[in-house]
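Visitor: Hi! I have a few quick things to ask about this model, if you have a minute.
Guide: Happy to help, go ahead.

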Amino acid sequence: MERFRFSLPPLSTPGEVSSFYSHQDGCGRSMALAHLAALLAGGQRAATPVLMVDWNLEAPRLHHYFPRQDDGPGVLELFEACRAALRGRQDAGRDSAAVAHEVLEAVGWEQYVCRVDESRPLYLLRAGRQDASYARRLVDMHWDELFNACPALFRCFAASLGRHFRHALVDSCSGRADMAGICTTLLPTRLVLAFPPGRQHLDGLTALLQRATTYRRSHEDEQRPLLAYPLPIRGCRDDAGQRTLWRRGDQARAVPGYQPLFERALGEAYGIAGLSLESYFDEVQLPPLRDTGGAAPALNVAGGDHFSLLRVLGVFREWLGGGHAPWQSRAEIPLQEAIAAARQGMREGGAAVCLPLAHSLERLGGVYCQENRLWQALQCLQESRTLLLRLLGAEHPDTRRCTRSLAALLERQGRPDEARRLQDAAAAWSAVHDEGLRSAGEEGSAATAC
């Protein structure tokens, strides 16, 4: 019997495919994914469609969080159908992406997706039908042969998900199997690396990060963004001293510390010197998780301690959901969003957003100064001052304040001559402004006397 096809309209801008990977199963990765999906989908009458994809075919878990759903086909049956559709085709010399789109359309990938929550737009693509033949069919599914038959298939499948879902969260299998390579290298635009304490987890994840980013850079057809997010999941021994040791490390005790390790790994992967994850890891540390399933994810993120599950996932949503890199500080994120909204408004002809843009740029420059990101601070303050000069004039207090901030930054950068010129200009404008106020005051006094 043909399954119901969902009728979600295409999005105006493509959504994101985020793969969740851990070096070993059992750390709580699936539980974190299910709760984050519920948060991203929002509450009642929300309009952000979110899809969960259970690609952990050897140990599927996501369907346990939505037990009222009937068993049905999923990832395994979908790609069995793709394999059958590819068999016997005469596509020699044809563009692989064109073939992939034809195959996905022919098999109707949408029919394998089911809605799991009627109160919010939350959907699931199961691992597969859990019948007596499942294990045998999984063994017979040779993913490398499917990739060789149509190299663009998985990339085009991810693009199809992004056309209909704002977020598609993929629960990957662990290890180095072909399925893990598909989930971490071919599908995602974002890669979430979940890990509990343990050197083997860190070594495995940093090696995977290097493989995935190198593959994307070195293959012409895979020149797509891939932004990685480390996601620590604390162990059962969870006191403040142990958390600090695990995060910071101790060279004398040969404890590596996940923060410096990921700072180096992400810096090398993305070519960013001096990358800092301080603000990110101040907020993002999941508590110990027991990934047993069976309970529908909650939505309430209020209450609880600083590192409670839903609070941390709510903060993590700010980075992942907004597409902000983990080396961006939390103070930076709302300012970046305000700046992006103002720039979009300007492109649409809204001159009224120019002044808010200038003020947001000035505040962001201040954040960068505090974080010692001086080059980025300089760009923000220079643009802010240019806008303020044009909109308010040189004598306005806002313009003079921004000018003084820019002069102080130039002084920090070892450019005293430029700083002095700005300081002199600000002082001259201040004198003119003050003289104007005095003249206005004297005229007012004379008028009152008359």
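Visitor: Let's start with C183: is it buried or exposed?
Guide: C183 is buried, and its relative accessible area is 0%. Keep in mind that this is a predicted model.

Visitor: How far is the sulfur of C183 from the closest cysteine sulfur?
Guide: The closest cysteine sulfur belongs to C173, and it is 5.9 Å from the sulfur of C183. That is too far for a bond, because a disulfide needs the two sulfur atoms within 2.5 Å.

Visitor: How many disulfides does that rule give?
Guide: The count comes to 0 disulfides. C402 is in none either: its nearest cysteine sulfur, that of C380, is 10 Å away.

Visitor: And is C402 buried or exposed?
Guide: C402 is buried, with a relative accessible area of 0%.

Visitor: C380 came up there. Where does C380 sit, and which residues of α15 are buried?
Guide: C380 is in α15 and is one of the buried residues there. The others are L374, A377, L378, L381, S384, R385, L387 and L388.

Visitor: What is the span of α15?
Guide: Helix α15 runs over residues 374-392, which makes 19 residues. From first C-alpha to last it reaches 26 Å, close to the 27 Å expected at 1.5 Å a residue.

Visitor: What follows α15?
Guide: G393 does, and its phi is positive, near 90°.

Visitor: Which residue in the loop before α15, the one between α14 and α15, should I look at?
Guide: Try N372, which lies in that loop, with α14 covering 354-370. Phi of N372 is near 60°, a positive value in a residue other than glycine. Most residues other than glycine have a negative phi.

Visitor: Is N372 buried or exposed?
Guide: N372 is exposed, at a relative accessible area of 52%.

Visitor: What about A254, what is its phi?
Guide: A254 has a positive phi of about 60°, although it is not a glycine. You'll find A254 in the loop between α9 (240-248) and α10 (258-270). With 62% relative accessibility, A254 counts as exposed.

Visitor: Switching to a tryptophan: where is W327?
Guide: W327 lies in the loop that links α12 (309-322) to α13 (332-347).

Visitor: A loop tryptophan, then. Does W327 count as buried or exposed?
Guide: W327 counts as buried, at 19% relative accessibility, because the cut-off for buried is under 20%.

Visitor: Which residues does W327 touch?
Guide: Leaving out residues up to four places away in sequence, W327 touches L227, L266, Y270, I272, L275, S276, L277 and R373.

Visitor: And how far is W327 from A352?
Guide: C-alpha to C-alpha, W327 and A352 are 31 Å apart in space, and 25 residues apart in sequence.

Visitor: Now the whole chain. How many helices and strands are there?
Guide: The chain has 17 helices and 7 strands. Its C-alpha atoms fill a box of roughly 100 × 55 × 45 Å along the principal axes.

Visitor: What share of the residues is buried?
Guide: Of the 450 residues in the chain, 51% are buried. The accessible surface comes to about 20,900 Å², and carbon and sulfur atoms account for 52% of that.

Visitor: What about contacts between residues at least 6 apart in sequence: what percentage join residues at least 24 apart?
Guide: That would be 74% of them.

Visitor: Last one, on electrostatics: how far apart are the mean positions of the positive and negative charges?
Guide: They are 2 Å apart, taken over 51 positive and 53 negative charges.

Notes. Residues numbered from 1 in each chain as written. Predicted model: local features only at pLDDT ≥ 70, side-chain atom pairs only at ≥ 80, totals over all residues. Heavy atoms only, no water. Helix = DSSP H or I, 4+ residues; strand = E, 2+ residues; numbered from the N terminus. Buried < 20%, exposed > 50% of the residue type's maximum accessible area, 1.4 Å probe, protein only. Contact = heavy atoms within 4.5 Å. Areas by Shrake-Rupley, 256 points an atom, 1.4 Å probe, with all protein chains shown as cover. Lys, Arg positive; Asp, Glu negative; His and termini not counted. Charge placed at Lys NZ, Arg CZ, Asp CG, Glu CD. Expected span 1.5 Å × (residues − 1).
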